[in-house]
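Visitor: I should like to take a close look at a single part of this structure and to see how its surroundings are arranged. Would you please guide me through it?

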Amino acid sequence: MTTQEAAPLPAHLDPTTYPRTQHNAEQNIHLTLTYTPLDPTISLSQTASPAAGANVLFLGTTRDTFDGRAVSQLSYTAYPPLAFKTLAGIAEAAVATHQLLGVSIAHRLGTVPIGEASITIAVSAGHRAAAWRAGEEVLEACKAKAEIWKREEFVDGGMEWRANADRDSEGNLVKKEGS
Amino acid sequence: MASIPTPQETQQSGTFTIHYFASAAQYTTKDSERLPAPLPLARLFALLESRYPGIQEKVLCSCGVSVEGEYVDVGDDADARREIHVGEEVAVIPPVSSG
């Protein structure tokens, strides 16, 4: 009969196939997807340079509420074949636009306890204006495009997959056309 | 525990692999499965709708699709004429939420 069996756990959901990294030595770009806690010191050391006068580090940490509803835990999954391409494109664009000396983007997958970092971004540049701007641009581009998904489990029992397009950078609901 | 099929095994069984994420995985209640190949890309959503009634309107309408790590446009004539071949890897990509 043609009944299709569910495939075994695909490699991209198997934590033992991580951490996965991609390094572009020419542009000093470091990309990491990992199921273990993120270390911001590593992110900073990856982008450090004697030519850099400005080093910006962003940590995105998991929050205990969504719209006032208590969140018990969050988890993330990724599709690395697309996620690495997207992250590399974001980092390369930022290097070109802001003459960065280094970019590090690391995202944690699996369950991330409340208050721990789910994403770290570090950028370095000769001067602070470029580094500040690039840090924000890289983060916003990651949230808009990287093939990574967040699931929130609530204290009251429900769970929901999030879509970043529904919220702006201040956490406000984005009104969609026709709704 | 079953092992992950090698490309050769997938080849022999005349299927392609499709991966589901987030809302798509929730709707199908699976992360991954194998479906008969070859399949014209233009028929992918209709096939999924027949297996998971309602998925097109509730999930797929806001999803992207990739074949072998490249985005394809199922609504585009040129892309839709493409066939999904035996052994290829397809992914349904819902709106993302990293960070």
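Guide: We begin with one pair of residues, in which A:Leu59 stands opposite A:Thr120 in strand 8 of chain A. The model is a predicted one, and every statement below describes that prediction. On another strand, A:Ala106 also has a bridge partner in strand 8 of chain A, and that partner is A:Thr120. Let us take strand 8 as the part to examine.

The pair A:Leu59 and A:Thr120 leads to the strands themselves. Strand 3 of chain A, residues 54-61, pairs with strand 8 in the antiparallel sense, over eight bridges. Strand 6 of chain A, residues 102-108, likewise pairs with strand 8 in the antiparallel sense, here over six bridges. Strand 8 is mostly covered, since eight of its nine residues are buried.

Next comes helix 3 of chain A. Strand 8 is among the elements that cover the buried residues of this helix, and the others include strand 3, helix 2 and strand 6 of chain A. The buried residues of helix 3 are A:Ala130, A:Ala131, A:Ala134, A:Gly135, A:Val138, A:Leu139, A:Cys142 and A:Lys143. An α-helix has 3.6 residues a turn, so residues three or four places apart point the same way. Helix 3 has 18 residues and reaches 26 Å from its first C-alpha to its last, close to the 26 Å expected at 1.5 Å a residue.

One residue of helix 3 deserves separate attention. With residues up to four places away in sequence not counted, A:Val138 touches A:Ile90, A:Ala91, A:Ala94, A:Val103, A:Ile105, A:Ile121 and A:Val123. In the largest nonpolar core, which has 60 residues, A:Val138 is one of the three that touch the most other members, together with A:Ala91 and A:Val123. The element that gives the most to this core is helix 2 of chain A, with eight residues. In soluble globular proteins, nonpolar side chains tend to be buried together.

Helix 2 of chain A may now be considered in its own right. Its buried residues are A:Pro80, A:Leu82, A:Ala83, A:Phe84, A:Thr86, A:Leu87, A:Ile90, A:Ala91, A:Ala94, A:Val95 and A:His98. At 1.5 Å a residue, its 19 residues should span 27 Å, and the 26 Å between its end C-alpha atoms agrees with that. After helix 2 comes A:Gln99, whose phi is positive, near 50°.

A residue elsewhere in the chain also meets helix 2. A:Leu31 is found in strand 2 of chain A, residues 29-34. A:Leu31 counts as buried because 23 other C-beta atoms lie within 10 Å, where 20 or more are required. Leaving aside its neighbours within four places in sequence, A:Leu31 is in contact with A:Thr21, A:Gln22, A:Phe84, A:Leu87, A:Ala88, A:Ala91 and A:Ile105. By way of orientation, the C-alpha atoms of A:Leu31 and A:Gly110 are separated by 17 Å, and these two residues are 79 residues apart along the chain.

We may now set these parts within chain A as a whole. Its secondary structure comes to three helices and 10 strands, and along the sequence they follow the pattern β-β-α-β-β-β-α-β-β-β-α-β-β. The radius of gyration of chain A is 18 Å, close to the 16 Å that the globule rule gives for 179 residues, so the chain is as compact as a globular protein of that length. Along its principal axes, the C-alpha trace spans about 60 × 40 × 35 Å. Of the 179 residues, 34% count as buried. Among the contacts in chain A with a separation of 6 or more, 70% come from residues 24 or more positions apart.

Finally, strand 8 and both of these helices bring us to the partner chain. Contact between the two chains involves 29 residues of chain A and 25 residues of chain B. On the side of chain A that touches chain B, at least two residues each are supplied by helix 2 (80-98), strand 8 (117-125), helix 3 (128-145) and strand 9 (148-154). Helix 3 provides the largest share of that side, four residues. The residues of that side divide into 18 nonpolar, six polar and five charged. As for chain B, its secondary structure comes to five helices and seven strands, and 33% of its 99 residues count as buried.

Terms used:
Residues are numbered from 1 along each chain as its sequence is written. Chains are lettered from A and ligands numbered from 1 in the order in which they are written. This is a predicted model: local features need pLDDT of at least 70, side-chain atom pairs count only at pLDDT 80 or more; totals for chains, interfaces and linings use all residues. Two residues are in contact if their C-beta atoms, placed from the backbone, lie within 7 Å. Ala, Val, Leu, Ile, Met, Phe, Trp, Tyr, Cys and Pro count as nonpolar, Asp, Glu, Lys and Arg as charged, and the others, Gly among them, as polar. The expected span of a helix is 1.5 Å times one less than its number of residues. A residue is buried if 20 or more other C-beta atoms lie within 10 Å of its own, exposed if 12 or fewer, and partly exposed in between; C-beta atoms are placed from the backbone. A nonpolar core is a set of buried Ala, Val, Leu, Ile, Met, Phe, Trp, Tyr and Cys residues joined through C-beta atoms within 7 Å. The radius of gyration is taken over C-alpha atoms; the globule rule is 2.2 Å times the number of residues to the power 0.38. Two strands pair if DSSP finds at least two bridges between them.
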